[in-house]
Amino acid sequence: MSDALAIDEIVLKVPATAACGRIVRVGAAAVALRQGMSFTEIDELRAAMDQATELLLAPPTGPGATIVCVLRAQGGRLEVDLERTDGASVAATDAARFKKAADASNVSATVEPERGRLLMRKDIGRPGSRPAA
């Protein structure tokens, strides 16, 4: 198993585009692997990250819009805080659909649709899971 990261927080700031949204997903997966998540848990997190970036990119982006992703590993949990910097809101129906998809991926999610902000939590080492490496 890889050694867990000794860093409390990692911040990624990327342009609000689909291509750069993938960078956020890969970053979250890399941190999850270093924290000892199983391949199944990482795949669940990736699925939730895909849905999250899709949700944040649904409203049209203005010039200079970015997505800020803060990854925190603490207490057997990985937290992912995502927000669009241009203040664009997301539709409540889209937010509800995202929350349902996150729940299906065993990821706890809170959505602040008016701010374009998402907070996801994924527990590390769910019973019956094996570490990825």
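Me: A salt bridge is a side-chain nitrogen of Lys or Arg within 4 Å of a carboxyl oxygen of Asp or Glu. In this predicted model, how far apart are the closest N and O atoms of Glu79 and Arg121?

Reply: The cut-off is 4 Å, so a pair has to come within that to count. Glu79 and Arg121 do form a salt bridge, and their closest N and O atoms are apart by 3.9 Å.

Me: Which strands does that Glu79 and Arg121 pair link?

Reply: The salt bridge runs between Glu79 and Arg121. These two sit 42 residues apart and link distant parts of the chain. Glu79 belongs to residues 77-84 and Arg121 to residues 117-123, which are strands β3 and β5.

Me: Which of those two partners counts as buried, Glu79 or Arg121?

Reply: Buried means under 20% relative accessible area, so that's the number to beat. Arg121 comes out at 23%, and therefore counts as partly exposed. At 12%, the one that counts as buried is Glu79.

Me: How many residues separate Glu9 and Arg72?

Reply: Their side chains meet in a salt bridge, at 3.0 Å from N to O. Glu9 lies in strand β1 (residues 9-15) and Arg72 in strand β2 (residues 66-74), so to speak distant parts of the chain, and the separation is 63 residues.

Me: And is Glu9 buried, partly exposed or exposed?

Reply: Partly exposed covers the range between under 20% and over 50%. Glu9 has 42% relative accessibility, so it counts as partly exposed.

Me: About how many helical turns separate Asp94 and Arg97?

Reply: Asp94 forms a salt bridge with Arg97, with the closest N and O atoms 2.3 Å apart. Both sit in helix α3 (residues 92-104), and because they are three residues apart, the separation is about one helical turn.

Me: Which of that helix pair counts as exposed, Asp94 or Arg97?

Reply: Exposed takes over 50%. Asp94 has 22% and so counts as partly exposed. With 55%, the exposed one is Arg97.

Me: Which residues do salt bridges with shared partners join into one network?

Reply: A search of the whole structure turns up 13 salt bridges. Where salt bridges share partners, they join one network made of Asp81, Glu83, Glu112, Arg115 and Arg117.

Me: Zooming out, in what order do the elements run from the N terminus?

Reply: There are three helices and five strands to place. From the N terminus on, the order is β-α-α-β-β-α-β-β.

Methods: Residues numbered from 1 in each chain as written. Predicted model: local features only at pLDDT ≥ 70, side-chain atom pairs only at ≥ 80, totals over all residues. Heavy atoms only, no water. Helix = DSSP H or I, 4+ residues; strand = E, 2+ residues; numbered from the N terminus. Buried < 20%, exposed > 50% of the residue type's maximum accessible area, 1.4 Å probe, protein only.
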